[in-house]
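Please open the model in your viewer and keep the sequence panel beside it. The stops below are meant to be selected one after another.

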Amino acid sequence: GWRVEGRVTPGPPGPRSSVPRPGGERGAGWSHEDNVSRLRSSSLEIREKGSEILREQLDAAQKELKLKDKECERLSQIRDQLEQELEELTASLFEEAHRMVREANVKQATAEKQLKEAQGKSDVLQAEVSALKTMVLTSTPSSPNRRAHPQLLSPGTRSRGASPHHGGGHARNKSASGALPLAPGGHSDLPSDLQPVREDKEMDSILYAEFLTWKNRPSLDRSSAFLVRIYREDIGPCLSFTRSELSQSVQSAVENNSLTIEPVAMSALPMVRANAIECGGPKKCALSGISRSCKHQIKLGDEESYYYISPSSRARITAVCNFFTYIRYIQQGLVRHDAEQMFWEVTRLRREMTVAKLGFYLTDQE
């Protein structure tokens, strides 16, 4: 066979084509740049989104911190307010405790003082009740108990302490009549002006009628004619002293049964003096203003002041107190006598007020 060998003659080089070939080097470069740009844009986007999220979280955290700061400030204010209230409450409790202690001490002192006054009044009332029982049980106008009524005894009998004669009516004193020898025929040899006499009495019908009207409805009000007369004729004059204002206070205390009479030397209560002129002194009577030896003092109700009184002033006050005591017992139903006996006892007490008003009084024999 024939072998044909051909030879290619190289010609001049032609121009290169500028169209990129698929899968060539330039195609590969463009693909890398696109990836890088995509990555850059993705990272920027991620970065912006992360920054935005962090910014939102930061804002939320700041808002939460502000809320917590406000809450802490509010709690701090509450704490300060509670501490202030606690301090005020503690101070108030201490002040209240001190006040209660002071009031308790004052009440205790007042109670002790009232107890002493009550004990003194109780002793006085017990003595009055005992004396009144003796008078009510053993004394009547027709047959008086001369021990309960020493004014019925003669001066000689009182000074010697002789026992009274308990005969019917107001009989002669036994020691006086027994010491006088009688002449034949029963008459005394003494002149008529020296012979002992017997006290007699006669009832006033007007006074007795007023007393009966009062006794039917006994009261201490001045609405009855019986008490109006006694106030006008006996109580008013008997308690009328130089110091009129103090006299009115004494009368009110007697009416309210709140007057206390005590011996000066035996007084155990603290004595509060308003001044020497008002309260008098051991040598000057506070009611009359006369210089006399004052062995007793009076206290009016709940007043703190004590007033010195002379024996005559004491006798006048005591006479009025005895009258009020007796009519109070009648009002309370403690007197078991008939109306006539009560009337004569009231009359005797009225006579005591009149005698005391005139300046007569009994003194203890030393």
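Begin by colouring this predicted model by pLDDT, and compare the two ends of the confidence range: in the protein chain, confidence is lowest in helix 3 (residues 174–178), where the mean is 34, and highest in helix 5, where it is 95. Over the protein chain the mean pLDDT is 77, and 69% of the residues reach 70 or more. Select residues 15–20 next, where pLDDT stays under 50 and the model has zero contacts beyond four places in sequence. Residues 267–274 also have pLDDT below 50, but this stretch has 20 contacts in the model beyond near neighbours in sequence.

Now move to helix 5, and select residues 225–238. Helix 5 has 14 residues and reaches 19 Å from its first C-alpha to its last, which is close to the 20 Å expected at 1.5 Å a residue. Where along helix 5 should you look for a bend? Centre the view on Y231, at which the helix bends by about 50°.

With helix 5 still selected, show the side chains of F226, L227, R229, I230, Y231, D234, I235 and C238, which are buried. If you then display the surroundings, what covers these buried residues includes helix 4 (205–216), helix 6 (244–255), helix 8 (311–331) and helix 9 (339–357).

Stay with Y231 and add R222, which lies over the face of Y231, at 3.9 Å from the ring centre. From here, select Q251, whose place is in helix 6. Leaving aside residues up to four places away in sequence, Q251 touches R222, Y231, I235 and L239. Is Q251 buried or exposed? Q251 counts as buried because its relative accessible area is 10%, and the cut-off for buried is under 20%.

Next, step to S224, which you will find in the loop between helix 4 and helix 5. The relative accessible area of S224 is 17%, so this residue is buried. Add F211 to the selection and draw a line from C-alpha to C-alpha: S224 and F211 are 9.1 Å apart in space and 13 residues apart in sequence.

F211 leads on to the aromatic rings. Select Y208, F211, W214, F226, F343 and W344 together, since ring pairs link these residues into a cluster. Counting ring pairs whose centres lie within 6.5 Å, the model has eight aromatic pairs. Zoom in on one of them, the pair of Y208 and F343, which is edge-to-face, at 5.3 Å centre to centre and with 80° between the planes. This pair links distant parts of the chain, with Y208 in helix 4 and F343 in helix 9, 135 residues apart. Y208 is buried because its relative accessible area is 19%, and F343 is buried because its value is 5%.

Keep F343 in view and add W344, for these two rings also form an edge-to-face pair, at 5.6 Å centre to centre and with 65° between the planes. W344 has 14% relative accessibility and therefore counts as buried.

For the last stop, hold W344 in the centre of the view and show K201. The charged end of K201 sits over the ring of W344, 5.3 Å from the centre of that ring.

Methods: Residues numbered from 1 in each chain as written. Heavy atoms only, no water. Helix = DSSP H or I, 4+ residues; strand = E, 2+ residues; numbered from the N terminus. Expected span 1.5 Å × (residues − 1). Bend = angle between axes of the 7 residues up to and from the residue. Buried < 20%, exposed > 50% of the residue type's maximum accessible area, 1.4 Å probe, protein only. Contact = heavy atoms within 4.5 Å. pLDDT = per-residue confidence, 0-100. Phe/Tyr/Trp six-rings, centres within 6.5 Å; stacked < 30°, edge-to-face > 60°. Lys NZ or Arg CZ within 6 Å of the ring centre and 35° of its normal.
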